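Student: I have a structure to read and I do not know where to start. Can we take the features in turn?

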Amino acid sequence: MDKIKLKIDYDKAIKTGNIEDRVEKTCEFISEEVKRTLSKPGTGRVYVRNGKMHRASTPGQPPAKDTGTLEDSIEYKVTEEGYDVVGLVGSTADYAIYLEFGTSKMAARPFLRPVLENKKKEIVDKFVEGGK
């Protein structure tokens, strides 16, 4: 599971408010963005599988939606570890890691890292705003 770690000088940056709520809202935002990415059709080749037409993803693009299992498996959790509040966003699907990073026989179809990279500003804004 990829992680984003935010180090914030709370006294200077924001009123602390409820940090757990901020992390929760931020993780929820990331999770919804990942699901939105996974809901899009593929842009690769079209083929018939199990009697149904399917358009695959192209290498380097997010996986094409097929059954919706991967999209449904996106979850987040927020925990406290000592003085830290930690938010994790990822997939419970066994095969998600192979799609995200690829294998020796399949190019990666990343779906989490592009959201983290392309939505950095919105992610930080969501946290600073307190999830408003």
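Tutor: Start with the elements: helices (H or I, at least four residues) and strands (E, at least two) are DSSP runs, numbered from the N terminus. The model is a predicted one, where local features need pLDDT of at least 70 and side-chain atom pairs count only at pLDDT 80 or more, while totals for chains, interfaces and linings use all residues. Residues are numbered from 1 along each chain as its sequence is written, and side-chain values use heavy atoms, with hydrogens and water left out.

Student: How many helices and strands does the protein have?

Tutor: There are six helices and four strands. Along the sequence they come in the pattern α-α-β-β-α-β-β-α-α-α.

Student: How do I read the pairing of strands, and how many bridges join β1 to β2?

Tutor: Two strands pair if DSSP finds at least two bridges between them. Here β1 and β2 are antiparallel and joined by four bridges. One pair to look up is Y47, whose bridge partner in β2 is H54. The two strands form a hairpin with two residues between them.

Student: Which residue in that turn has a positive phi?

Tutor: In general, most residues other than glycine have a negative phi. N50, in the loop between β1 (46-49) and β2 (52-55), has a positive phi near 55° although it is not a glycine.

Student: Is N50 buried or exposed?

Tutor: Buried means under 20% relative accessible area, exposed over 50%, and partly exposed in between (1.4 Å probe, protein chains only). N50 is exposed, because its relative accessible area is 74%. Of the 132 residues of the protein, 33% count as buried.

Student: How many bridges join β3 to β4?

Tutor: Eight bridges join β3 (residues 74-81) to β4, and these strands run antiparallel. Within this pairing, V78 has G87 of β4 as its bridge partner. β3 and β4 also form a hairpin with two residues between them, and G82 in the turn has a positive phi of about 65°.

Student: Next, salt bridges. How many are found in the whole structure?

Tutor: A salt bridge is a side-chain nitrogen of Lys or Arg within 4 Å of a carboxyl oxygen of Asp or Glu. A search of the whole structure finds seven. Take E33 and R36, where the closest N and O atoms are 2.5 Å apart. Both residues lie in helix α2 (residues 19-38), three residues apart, about one turn of the helix.

Student: Which of E33 and R36 is buried, and why?

Tutor: E33 counts as buried because its relative accessibility is 10%. R36 is at 46%, so it counts as partly exposed.

Student: What else does E33 bridge to?

Tutor: K119 forms a salt bridge with E33, with the closest N and O atoms 3.7 Å apart. K119 is in the loop between α5 (113-118) and α6 (120-129) and E33 in helix α2, so the pair ties together parts that are 86 residues apart in sequence. K119 is partly exposed at 25% relative accessible area. E33, R36 and K119 are thus linked in a network of salt bridges.

Student: Where do D125 and K121 lie?

Tutor: Both are in helix α6, four residues apart, about one turn of the helix. Their salt bridge has its closest N and O atoms 2.6 Å apart. D125 is partly exposed at 26%, while K121 counts as exposed at 59% relative accessibility.

Student: Which residues form a nonpolar patch on the surface?

Tutor: Patches are made of residues with over 30% relative accessible area and no salt bridge; like charges are joined within 9 Å, nonpolar side chains (Val, Leu, Ile, Met, Phe, Trp, Tyr) within 5 Å. Accessible areas come from the Shrake-Rupley method with a 1.4 Å probe, and for residues only the protein chains shown count as cover. The patch here consists of Y95, I97, Y98 and F101, with about 430 Å² of accessible area together. Y95 sits in the loop between β4 (84-91) and α4 (96-101), and Y95 is partly exposed, at 35% relative accessible area.

Student: Last, pockets. What is the volume of the second largest pocket?

Tutor: On a 1 Å grid over the protein atoms alone, a cavity is a set of points where a 1.4 Å probe fits but cannot get out, and a pocket is an open set with protein on both sides within 12 Å along at least five of seven lines; lining residues have an atom within 4 Å of a point. Grid points are joined across faces, edges and corners, and a volume is the space filled by probe spheres set on the points. The second largest pocket has a volume of about 320 Å³. Its lining has 19 residues, of which P63, A64, D66, Y95 and L99 lie nearest its centre. β1, α3 (69-72) and α4 each supply at least two lining residues, and α3 gives the most, with three.
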